[in-house]
Amino acid sequence: AADSGGGGRKAGGDRPGGDGQPGSAGLYPEALWPVPAAGGAARRYAAVPETMGGTLMARYHVCMVLVGKLPVPATLGGAVEALAQHLLEQNERDPQIEFTVLTVDEPKAQALAAGFRHAAFVWFKPHTLWNKVWWRVRTLALNCTGEQKELPFPYQRVEAAAWLKRHWQEFDYVLAESELEMIRQAQVPPEKVLYHLHWVGR
């Protein structure tokens, strides 16, 4: 299905919960996830049997935000992208979370993404020329000042932030893969944000 606007096109595998069909067992204990504040709870997918004990729990719906220069699945490489793909693949083997992944459009990545049952993908077209200009300005600022300046980020991230601003309420949590710019732009409440730190800058 295509998203209605903002540059993102949404596609992905079947969701447990839409038709009430349970998925595989093996969920995180509730204690590992903070409970959303009153009035901010997002929808849950269908409860599935836990591996031990047979009790019913609901999967969490997490939006993974990774909109840079490279896609997920990591068909063009990239350390962060490869790690994100590994996380999604592990979740396919032992489903614990329903993911929606915001990432960069790329044909081979789209073909691989079609095989995921527990991840939907929202694709954002890379703006190659603007990104080259942005990177040169960013590098020049770094060389002149020795500091990382807050500069306009790649335009596909502007589009992703606009999409996320419209849709963050649909998720239990928003997972920022390294970058927080889009999360800030989308005004996602801090209690909804999970931050996956990949490096420590200067």
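These are my notebook entries on one predicted model.

**Entry 1: the chain as a whole**

I began with the secondary structure. I count 5 helices and 8 strands in the chain. Read along the sequence, the order is β-β-β-β-α-β-α-β-α-α-β-α-β.

Next I looked up burial. Of the 202 residues in the chain, 41% are buried. The exposed surface comes to about 10900 Å², and carbon and sulfur atoms supply 59% of it.

Then I turned to contacts. I took those with a separation of 6 or more. Residues 24 or more positions apart account for 62% of them.

**Entry 2: helix H4**

I checked the length of H4 against its residue count. The helix covers residues 155–167, which is 13 residues. At 1.5 Å a residue it should span 18 Å. Its end C-alpha atoms are 19 Å apart, so the length agrees with the expected span.

Which residues of H4 are buried? I find Gln156, Arg157, Glu159, Ala160, Ala161, Trp163, Leu164 and His167. I then asked what these residues pack against. The strands are S4 (60–65), S5 (97–104), S6 (119–124) and S7 (173–177). The helices are H3 (128–145) and H5 (181–185).

**Entry 3: helix H3**

I ran the length check on H3 too. H3 has 18 residues and reaches 26 Å from its first C-alpha to its last. That is close to the 26 Å expected at 1.5 Å a residue.

The buried residues I note in H3 are Asn131, Trp134 and Ala141. They cover an arc of only 90 degrees around the axis, so they sit on the same side of H3. The buried residues of H3 pack against H4.

I also looked at the face turned away from the buried side. Leu129, Lys132, Arg136, Leu140, Asn143 and Cys144 are the exposed residues there.

**Entry 4: Gln156 and Gly68**

I picked Gln156 from helix H4. Is Gln156 buried or exposed? Its relative accessibility is 0%, and the cut-off for buried is under 20%, so Gln156 counts as buried. I listed its contacts, leaving aside neighbours within four places in sequence. They are Val67, Gly68, Lys69, Val104, Phe124, Lys125, Pro126, His127 and Asn131. Asn131 is one of the buried residues of H3.

I followed the contact to Gly68. Gly68 lies in the loop between S4 and helix H1 (79–93). At 8% relative accessibility, Gly68 counts as buried. Its own contacts, with neighbours within four places left aside, are Val104, Gln156 and Arg157. Val104 is in contact with Gly68 and also with Gln156.

I added one distance. Gly68 and Phe124 are 56 residues apart in sequence. Their C-alpha atoms are 9.7 Å apart in space.

**Entry 5: aromatic rings**

How many aromatic pairs are there? The count comes to 4. I took Phe121 and Trp123 from these. Their ring centres are 5.4 Å apart, with 15 degrees between the planes. Planes under 30 degrees apart count as stacked, so this pair is stacked.

I checked both residues for burial. Phe121 is buried, with a relative accessible area of 1%. Trp123 is buried too, at 3% relative accessibility. Phe116 joins Phe121 and Trp123 in one aromatic cluster.

**Entry 6: cysteines**

I searched for disulfides. The count comes to 0. I looked at two cysteines on their own. Cys63 has 0% relative accessibility and counts as buried. Cys144 has 62% and counts as exposed. Cys144 is among the exposed residues on the face of H3 turned away from its buried side.

**Entry 7: backbone details**

I went through the backbone angles last. The peptide bond from Val72 to Pro73 is cis, with omega near 0 degrees. Pro73 is in the loop between S4 and H1, and Gly68 is found in that loop as well.

Gln187 also caught my eye. It is not a glycine, yet it has a positive phi of about 60 degrees. Where is Gln187 found? It is in the loop between H5 and strand S8 (193–196). Gln187 has 54% relative accessibility, and the cut-off for exposed is over 50%, so Gln187 counts as exposed.

Note on methods: Residues numbered from 1 in each chain as written. Predicted model: local features only at pLDDT ≥ 70, side-chain atom pairs only at ≥ 80, totals over all residues. Heavy atoms only, no water. Helix = DSSP H or I, 4+ residues; strand = E, 2+ residues; numbered from the N terminus. Expected span 1.5 Å × (residues − 1). Buried < 20%, exposed > 50% of the residue type's maximum accessible area, 1.4 Å probe, protein only. Contact = heavy atoms within 4.5 Å. Phe/Tyr/Trp six-rings, centres within 6.5 Å; stacked < 30°, edge-to-face > 60°. Areas by Shrake-Rupley, 256 points an atom, 1.4 Å probe, with all protein chains shown as cover. Disulfide = S-S within 2.5 Å. Arc of directions from axis to C-beta.
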